[in-house]
Amino acid sequence: MSGINMPLQVEVEGRTWKLFSVDFMADERKYSFYIYAINREHASYIVDDIKHTAELSPGNLVGIVKRI
């Protein structure tokens, strides 16, 4: 089984962004996805934005490209 490896933190323009897990319920099951944020409060704002603006992207995911 292949997976996606994500660092626990990354540097963006001199700031450290940490990895946070976001859990949600759908079809009576618990699911998770991950976001990067500066701190837990920042992560909560991002989750709020996701709640209000999320939409499914067109097409299927066919691969992951590592940006340098």
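Reader: Leaving aside neighbours within four places in sequence, which residues is Val 10 in contact with?

Author: This is a predicted model. Val 10 lies in strand β1, which covers residues 9–12. Once its neighbours within four places in sequence are left aside, the contacts of Val 10 are Arg 15, Thr 16, Trp 17 and Tyr 36.

Reader: What separates the C-alpha atoms of Val 10 and Tyr 36?

Author: Tyr 36 is in contact with Val 10. The two residues are 26 apart along the chain. Between their C-alpha atoms the separation is 8.3 Å.

Reader: Is Val 10 buried or exposed, or is it in between?

Author: Buried means under 20% relative accessible area and exposed means over 50%, with partly exposed in between. The relative accessible area of Val 10 is 24%. Val 10 therefore counts as partly exposed.

Reader: Where does Val 12 lie, and what is its relative accessible area?

Author: Val 12 lies in strand β1. It counts as partly exposed. Its relative accessible area is 36%.

Reader: How far apart are the C-alpha atoms of Val 12 and Asp 49?

Author: Along the chain, Val 12 and Asp 49 are 37 residues apart. The separation of their C-alpha atoms is 20 Å.

Reader: Which residues make up the largest nonpolar core?

Author: The strands β2 (15–26) and β3 (29–37) each supply at least two residues of the largest nonpolar core. The core has five residues. They are Phe 20, Val 22, Ile 35, Ala 37 and Ala 43.

Reader: Which residues is Val 22 in contact with, leaving aside neighbours within four places in sequence?

Author: Val 22 belongs to the largest nonpolar core, as does Ile 35. Ile 35 is also one of the contacts of Val 22. With neighbours within four places in sequence left aside, the full set is Tyr 31, Ser 32, Phe 33, Ile 35 and Val 47.

Reader: What is phi of Glu 13, and where is the place of this residue?

Author: Most residues other than glycine have a negative phi. Glu 13 has a positive value and sits in the loop between β1 and β2. The residue is exposed, with a relative accessible area of 81%. Its phi is near 50°.

Reader: What is phi of Glu 28?

Author: Glu 28 is in the loop between β2 and β3. It is exposed, at a relative accessible area of 79%. Phi of Glu 28 is positive, in a residue other than glycine, and is near 60°.

Reader: What pattern does the protein follow along the sequence?

Author: The protein has one helix and three strands. Read along the sequence, the pattern is β-β-β-α.

Reader: Why is the protein said to be more spread out than a compact globule?

Author: For 68 residues the globule rule gives 11 Å. The radius of gyration is well over that value, so the protein is more spread out than a compact globule. That radius is 14 Å.

Reader: What does the C-alpha trace span along its principal axes, and how many of the 68 residues count as buried?

Author: The C-alpha trace spans about 40 × 30 × 25 Å along its principal axes. Of the 68 residues, the share that counts as buried is 7%.

Reader: How many positive and negative side chains are there, and how far apart are the centres of the two sets?

Author: The protein has 8 positive side chains and 9 negative ones. The centres of the two sets lie apart by 7 Å.

Key: Residues are numbered from 1 along each chain as its sequence is written. This is a predicted model: local features need pLDDT of at least 70, side-chain atom pairs count only at pLDDT 80 or more; totals for chains, interfaces and linings use all residues. Side-chain values use heavy atoms; hydrogens and water are left out. Helices (H or I, at least four residues) and strands (E, at least two) are DSSP runs, numbered from the N terminus. The radius of gyration is taken over C-alpha atoms; the globule rule is 2.2 Å times the number of residues to the power 0.38. Buried means under 20% relative accessible area, exposed over 50%, partly exposed in between (1.4 Å probe, protein chains only). Lys and Arg count as positive and Asp and Glu as negative; His and the chain ends are not counted. The place of a charge is taken as NZ of Lys, CZ of Arg, CG of Asp or CD of Glu. Contact means heavy atoms within 4.5 Å. A nonpolar core is a set of buried Ala, Val, Leu, Ile, Met, Phe, Trp, Tyr and Cys residues joined through side-chain atoms within 4.5 Å.
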